[in-house]
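Q: I have a structure here and would like to go through it step by step. Could we start with the backbone and then move on to the sheet and the core?

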Amino acid sequence: MRENLKKIDGLRKEFTGEFVRFGSKTNFKGYPETTILIQDVKSTADKKINCDHLWFNLTKEFQKIQLQEGDIVRFQARVRKYLKGYKGHRYDDEDYLSEHPIDTDYKLSHPTKVMLIKRKKNNGG
């Protein structure tokens with residue numbers, strides 16, 4: 001669990017982090033959706049790392065800055081708790097459920113005011 005985020009649950013704060021890579025997930029309608037991985041997410045107020053990584057949907061604000069690997073971004077977001085773990089249809093498979101328990105965790109939601117702070121220099125010729 002992300003203990004540092006738990007302490008500020010429900011609050012909207014400003015954060016920074018390093019863009020690592022793009023990913024994808026299947027949305028609730030069954031279509032693929034692009035995601036982004038941000039690592040070393042820090043609060044700008046105290047510079048403490050709130051969590052080692054977070055996945056976000058590739059929103060229009062993130063698209064605007066044309067993310068590249070190693071970019072440092074700043075954004076505002078609200079801390080929210082959510083349930084993680086398997087929530088599918090294998091309720092009768094106790095082995096599977098014991099390996100994928102449902103638990104409460106914390107995330108950052110609705111990122112806004114996204115800004116590129118530092119772009120990693122391209123070493124290519």
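**Backbone, sheet and core**

A: His 110 lies in strand S5, which covers residues 103-118. Please note that this is a predicted model.

Q: What is the sign of phi at His 110?
A: His 110 has a positive phi of about 50°, although it is not a glycine.

Q: And is His 110 buried or exposed?
A: His 110 counts as exposed, because its relative accessibility is 61% and the cut-off for exposed is over 50%.

Q: Which residue other than glycine has a phi near 50° in the loop between helix H2 and strand S4?
A: That is Gln 66, whose phi is positive. Gln 66 sits in the loop between H2 (60-64) and S4 (72-84). Gln 66 is exposed, with a relative accessible area of 57%.

Q: What about Leu 67, buried or exposed?
A: Leu 67 is buried, with a relative accessible area of 9%. Leu 67 also lies in the loop between H2 and S4.

Q: What does Leu 67 touch?
A: Leaving out residues up to four places away in sequence, Leu 67 touches Phe 19, Phe 22, Ile 36, Phe 62, Val 73 and Arg 119. In the case of Arg 119, the C-alpha atoms of the two residues are separated by 8.7 Å, although they are 52 residues apart along the chain.

Q: Changing topic: in what order do the strands of the sheet run?
A: Five strands form an open sheet in the order S3-S2-S1-S4-S5, with antiparallel pairing. S3 and S5 stand at the edges with a single partner strand each, so one side of each is left without a neighbour in the sheet. Neighbouring strands are turned by 35° against each other on average, direction ignored.

Q: How many bridges join S2 to S3?
A: Seven bridges join S2 (residues 32-43) to S3 (residues 49-57), and the two strands run antiparallel. Ile 36 has Phe 56 in S3 as its bridge partner. The hairpin of S2 and S3 has five residues between the strands, and Lys 47 takes a positive phi near 65° there.

Q: And which residue in S4 stands opposite Glu 14?
A: Gln 76 in S4 stands opposite Glu 14. Strand S1 (residues 12-26) pairs with S4 over seven bridges, in the antiparallel sense.

Q: Ser 43 is in S2; is Ser 43 buried or exposed?
A: Ser 43 counts as buried, at 8% relative accessibility. Apart from its neighbours within four places in sequence, Ser 43 is in contact with Glu 14, Phe 15, Lys 48 and Asn 50.

Q: Now the core. Which residues of the largest nonpolar core touch the most other members?
A: They are Leu 5, Phe 15, Phe 56, Phe 75 and Leu 108, in a core of 20 residues. The elements that give two or more residues to this core are S1, S2, S3, S4 and S5. S4 gives the most, with four residues. As background, nonpolar side chains tend to be buried together in soluble globular proteins.

Q: What are the contacts of Leu 5?
A: Not counting residues up to four places away in sequence, Leu 5 touches Phe 15, Asn 50, Cys 51, Val 79, Tyr 106, Lys 107 and Leu 108.

Q: Last one: how many aromatic pairs does the structure hold?
A: The structure holds five aromatic pairs. Ring pairs link Phe 15, Phe 56, Phe 62 and Phe 75 into a cluster.

Terms used. Residues are numbered from 1 along each chain as its sequence is written. This is a predicted model: local features need pLDDT of at least 70, side-chain atom pairs count only at pLDDT 80 or more; totals for chains, interfaces and linings use all residues. Side-chain values use heavy atoms; hydrogens and water are left out. Rings of Phe, Tyr and Trp (its six-membered ring) pair if their centres lie within 6.5 Å; planes under 30 degrees apart count as stacked, over 60 as edge-to-face and the rest as tilted. Buried means under 20% relative accessible area, exposed over 50%, partly exposed in between (1.4 Å probe, protein chains only). Two strands pair if DSSP finds at least two bridges between them. Axes are lines fitted to C-alpha atoms, for helices over the stretch in contact, and angles run from 0 to 180 degrees between N-to-C directions. A nonpolar core is a set of buried Ala, Val, Leu, Ile, Met, Phe, Trp, Tyr and Cys residues joined through side-chain atoms within 4.5 Å. Contact means heavy atoms within 4.5 Å.
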